[in-house]
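Hi everyone, thanks for making time. I'd like to walk you through one structure today, starting from a single residue and working outwards. Here it is.

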Amino acid sequence: MSRLNPAKPFLKWAGGKRQLLPFLREHLPVEFGTYHEPFIGGGALFFDTAPEQAVIADYNLRLVRTYRAVRDNPDAVIERLKNYPNDKEFFLALRAQDIDCASDDELAAWMIYLNRTGFNGLYRVNRKGGFNVPFGRYKNPKICDADNLYGVAKRLESVEILHADFRSVEDRARPGDFVYFDPPYVPASNTASFTAYTKNGFGLDDQAELRDLARRLKDKGVAVLLSNSSVPEVHALYAEGFETIEIFANRAINCNAAKRGKVAEALIW
Ligand SMILES: C[S@@+](CC[C@H](N)C(=O)[O-])C[C@H]1O[C@@H](n2cnc3c(N)ncnc32)[C@H](O)[C@@H]1O
C-alpha cells in the first residue's frame with residue numbers, strides 16, 4: 001500500500017475524529033488492500049491515512065454529492081464559494097434555498113459555506129431535511145480554502161464515493177482490505193430512552209447488525225476498526241471476539257456547552 005499526498009477534511013462533522021487520530025493510527029494495519037469507510041462524515045481518518053485505493057460511503061446524499069462535486073468539479077465549487085460573503089442575510093437566504101434540486105457544485109458550495117459560517121460548524125437538519133443551524137457570527141471564517149479543495153479533489157481522484165447503507169460494504173471488502181466504521185454512536189446519556197436510539201435512524205438493532213457484520217468481515221480476513229461511545233451497551237455488544245480500549249476525546253461540537261470536554265470513546269477491533 002502506498003500513500004498519496006494528504007489533504008485535510010473540508011467539512012467539520014459532529015463526531016469528527018481529528019482529536020483521536022494518534023490512537024486510530026496506532027491501530028491501522030501496516031499493510032492493506034482497499035481502505036473502506038462506510039460512515040465517512042468529515043473523513044478525518046481517511047484524509048489522514050491517504051490510502052491509494054479507497055471506497056468511501058455515507059447515507060447522507062447531500063454529503064455524498066458534495067464529495068463528488070469537489071472531486072469532479074473543484075473549479076465550479078471554488079468559483080461559487082469565492083463570491084459568498086460572511087453575512088447573516090446571505091446566510092439565511094442560502095440556508096432557506098431548496099438545495100436538493102440544485103446541481104452538485106451548487107449543493108457542495110452550499111454545504112461548505114453553511115459549515116464554515118454556521119454556529120459551531122455542524123450539520124443539522126429538521127425532519128423535513130431543512131438545515132437549521134443558526135448563523136455563527138465568526139469574524140473571518142475561511143469560506144473558500146481553494147488550496148485545500150484542490151488537494152481534496154486530487155486526493156479523491158481515484159476514490160469511489162457511494163451513497164449507500166453501511167451493510168453494503170460486506171459485498172465490497174475483500175480479504176486483506178481494511179474497514180473503519182465510525183457509526184452514529186450509542187447515546188452516552190443514561191437518560192436517553194430506547195426511542196431516542198431510533199430517532200436518529202440508527203437504533204440498537206442497527207448497532208447489533210454492525211457488530212455481526214464486523215465479525216463476519218474479520219472471519220473472512222478483513223481488518224476492521226470501529227469507534228463508538230464507551231457505554232455499557234457497546235461494551236456488551238463487543239464483549240466476545242473483539243478487543244476494546246477506552247480513549248478520550250475533546251468534544252468541541254456539542255450544542256450544550258456543559259457537555260463539551262473530555263468524552264470517553266471505545267475503540268474496537
Ligand atoms: C459519526 S459520523 C462519522 C464521522 C466521521 N468518521 C468523521 O471523522 O468525521 C456518522 C455518519 O454515518 C452516516 N450514517 C448514518 N446512518 C448510516 C447508514 N445506515 N449507513 C451509512 N451511513 C450512515 C451519517 O450520515 C454520518 O455522516
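Let's start at valine 64, which sits in helix H3; helices here are DSSP runs of H or I with at least four residues, strands are E runs of at least two, and both are numbered from the N terminus. Before going on, two housekeeping points. Residue numbers start from 1 along each chain as its sequence is written. And this is a predicted model, where local features need pLDDT of at least 70, side-chain atom pairs count only at pLDDT 80 or more, and totals for chains, interfaces and linings use all residues.

So, is valine 64 buried or exposed? Neither, quite: valine 64 is partly exposed, with 19 other C-beta atoms within 10 Å. For the cut-offs, buried takes 20 or more other C-beta atoms within 10 Å, exposed is 12 or fewer, and partly exposed is in between, with C-beta atoms placed from the backbone. Leaving out residues up to four places away in sequence, valine 64 touches Asp58, Ile161 and His163; a contact is C-beta atoms, placed from the backbone, within 7 Å. Its C-alpha atom is also 9.3 Å from that of alanine 164, even though the two are 100 residues apart along the chain.

Across the chain, 71% of the contacts with a separation of 6 or more are between residues 24 or more positions apart. There are eleven helices and seven strands, and 35% of the 269 residues count as buried.

Helix H3 comes up again with helix H7, residues 146-156, where Leu149, Val152, Ala153, Arg155 and Leu156 are buried. They're on the same side of H7, because they cover an arc of only 165 degrees around the axis, taking the directions from the helix axis to the C-beta atoms. Their cover includes helices H2, H3 and H4, plus strand E3.

Now, which residues touch the most other members of the largest nonpolar core? Those are Val70, Val179 and Phe181, out of 61 residues. Such a core is a set of buried Ala, Val, Leu, Ile, Met, Phe, Trp, Tyr and Cys residues joined through C-beta atoms within 7 Å. Helix H6, residues 104-117, gives the largest share, eight residues. Domain 1 (18-59 + 164-268) and domain 2 (66-154) both contribute, so this core lies between them; those bounds come from an automatic or database domain assignment.

Finally, phenylalanine 181 has Pro38, Phe39 and Leu226 among its contacts beyond four places in sequence.

Technical notes
Contact = placed C-beta atoms within 7 Å.
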